[in-house]
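Okay, thanks for coming, everyone. I'll walk you through a few spots in this one, so have the structure up and follow along.

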Amino acid sequence: MDSITQAVLGAALQGTVLGRIQGRRSLIYGAALGTVPDLDVVIRYADPVSQMTYHRGFSHSIFVLTGLALLLAWLVNRLGRTRWPDKGYTLPRLFLAFWLVLVTHPILDSFTVYGTQLFWPLQFTPQSWASVFIIDPVYTVPLLAAVLYAAIRGVSGKALRLMSLALVFSTAYLVFGLAGRMAAEQRFQAALEQQGIVANEVRAVPIAFNSLVWRVLAKTPDGDYYEGVSSVFDRAPPEMQRLPRNLQLATALVDAPLLQRLRWFTDDWLRYDEVDGALVVTDLRMGIPGNYTFRFNMAHRDGQGHWIAHTPSVWRGSGVGGMFNRHDLTLIWRRILDQQPPLPLAAWTTQYLHQADGPGR
């Protein structure tokens, strides 16, 4: 999730647990501590694939953060006994506060689609529960309002109750998102079965700023995939299109360690395209149909037409900004309540997916 959300979540948690002892300072301490796991962004890697797949790694491990919470609790408790003996600090209470603030950061991240290595150093596929978009005001605003109220009025009485209610609401919203995701997958699976289409894996992911309309992906045994859009208010089958993953192109990168790492990180939700002599590898999980957030130029053809793997670079036109096209988002938000006219899935694919990189690649 975005840094503001992580900060207000940390502030609300530490304010609720330690607010009566630390007062308003608990909000500041909690906000700062809640963003600590994202300090791994200061580490610079040699290529964008490594940057993507090592982010949310060791600094988001519940094992690492549990150890850090224990260390911080021991230090503050020891300092508190000598400098603030009347504050009422206890080791269990401090550990609970710091542990909640730290571990809820990667757990919340796991509810997004990006992928979080929650159990690092164990090499499980990164957790990607995909029940909420990376920015969702419905989740963030109640927490922010409760924290601001506590900052203005003081951390006691009504402010504590408001922060507790905001935390309950935000947790319930994540559960609502999980239910919406599963429902979207079931609707899409049923629509495929009605057409006699076999899918061996179905995955729904939220679209920008809401948990009501979902982009749904389904892999087929022959290496293609279906992509469609489904809303919780749909009464008819979702619109969809069949697209190739072009898996034969992946053989050009069969010995490339970075491709194997990308396959592991994304749970192999990848497609491959040749665009103007470049081999472009696309993470299908984030973006809008045809306009995906993470695309990488990973190989090029030499003078004899053979593929040569090179250091990956970001494919021009990809990135988080592509998700925020105002015209496209307007159509998607309208789609929440109205299935007609259907979204221009094929037009978006034609417009975005095979656009050339241009000079400066």
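So, start with V202, which is in strand β1, residues 201-206. Bear in mind that this is a predicted model. Is V202 buried or exposed? Its relative accessibility is 18%, and the cut-off for buried is under 20%, so V202 counts as buried. Who does V202 touch, if we skip the neighbours within four places in sequence? That would be E185, Q189, V216, L217 and A218. Take V216 from that list: it sits 14 residues away from V202 along the chain, yet the two C-alpha atoms are 7.2 Å apart.

Now on to the strands. β2 covers residues 213-219, and it runs antiparallel to β3, with seven bridges joining the two. If you want one pairing to click on, A218 has Y226 in β3 as its bridge partner. β2 and β3 make a hairpin with four residues in between, and G223 in that turn has a positive phi, about 95 degrees. On the other side of the story, β3 is joined to β4, residues 239-244, by six bridges, again antiparallel. There, V229 is opposite E239 of β4. And how many of the eight residues of β3 are buried? Seven, so the strand, residues 224-231, is largely enclosed by the rest of the structure.

Right, rings. There are 12 aromatic pairs in the structure. One of them is F119 with F124: the centres are 5.9 Å apart and the planes are at 85 degrees, so we call that edge-to-face. F119 is partly exposed at 26% relative accessibility, and F124 is partly exposed too, at 47%.

Then look at F169 and Y173. Their ring centres are 6.5 Å apart, but the planes are at 15 degrees, so this pair is stacked. Both belong to helix α7, residues 158-194, and because they are four residues apart there, about one helical turn separates them. F169 is partly exposed, with a relative accessible area of 40%, whereas Y173 is buried, at 10%.

There's also a cluster: Y114, W264, F265 and F294 are linked by ring pairs.

Last bit, charges over rings. K219 has its charged end over the ring of W269, 4.4 Å from the centre. And R261 lies over the face of Y54, 3.6 Å from the ring centre. Okay, that's my tour; shout if you want to go back to anything.

Definitions and conventions:
Residues are numbered from 1 along each chain as its sequence is written. This is a predicted model: local features need pLDDT of at least 70, side-chain atom pairs count only at pLDDT 80 or more; totals for chains, interfaces and linings use all residues. Side-chain values use heavy atoms; hydrogens and water are left out. Buried means under 20% relative accessible area, exposed over 50%, partly exposed in between (1.4 Å probe, protein chains only). Contact means heavy atoms within 4.5 Å. Two strands pair if DSSP finds at least two bridges between them. Rings of Phe, Tyr and Trp (its six-membered ring) pair if their centres lie within 6.5 Å; planes under 30 degrees apart count as stacked, over 60 as edge-to-face and the rest as tilted. A charge sits over a ring if NZ of Lys or CZ of Arg is within 6 Å of the ring centre and within 35 degrees of the ring normal.
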